[in-house]
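Hello,

Here is the model for your files. My notes are below it.

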Amino acid sequence: MILNQVQAEAVYSAMRALNNVGGRIAAALDGGEREICEMHDGTIIIHSDFGLKKEQHANQAAFAAAYGLQ
């Protein structure tokens with residue numbers, strides 16, 4: 001997993017808050033070393049090490065399940 005537990009919790013919390021206003025997350029962590037983007041189809045993509053590593057989740061529920069947030 002690319003994110004640590006604290007990062008995953010913060011990202012998931014932000015995604016849930018953005019849901020309330022019809023938004024999607026696009027964020028950078030650690031000076032841009034980790035990037036999180038929610039695509040139009042709901043897919044969550046996380047890049048790390050400036051694109052060398054990639055993690056993908058089908059949707060917010062899959063992201064939450066992968067990080068044990070549910």
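The notes cover strand 3, its two partners and one residue, K53.

This is a predicted model, in which local features need pLDDT of at least 70 and side-chain atom pairs count only at pLDDT 80 or more, while totals for chains, interfaces and linings use all residues. Residues are numbered from 1 along each chain as its sequence is written, and side-chain values use heavy atoms, with hydrogens and water left out.

Helices (H or I, at least four residues) and strands (E, at least two) are DSSP runs, numbered from the N terminus. Two strands pair if DSSP finds at least two bridges between them.

Strand 3 spans residues 44-48, and four of its five residues are buried (under 20% relative accessible area; exposed is over 50%, partly exposed in between; 1.4 Å probe, protein chains only). Strand 2 (residues 34-38) runs antiparallel to strand 3 and is joined to it by five bridges, with E38 opposite I44. Five residues lie between the strands of this hairpin, where G42 has a positive phi near 95°.

On the other side of the sequence, strand 4 (residues 53-57) pairs with strand 3, also antiparallel and over five bridges. Here H47 stands opposite K54. The hairpin of strand 3 and strand 4 has four residues between them, and D49 in the turn takes a positive phi of about 50°.

K53 belongs to strand 4 and is partly exposed, at 47% relative accessible area. Its side chain makes a polar contact with the side chain of D49 at 3.3 Å (a pair of N or O atoms within 3.5 Å; within protein, one must be able to donate a hydrogen and the other to accept it, and residues adjacent in sequence count only if both atoms are side-chain atoms). Leaving aside neighbours within four places in sequence, K53 is in contact (heavy atoms within 4.5 Å) with I2, I46, H47 and S48.

Regards
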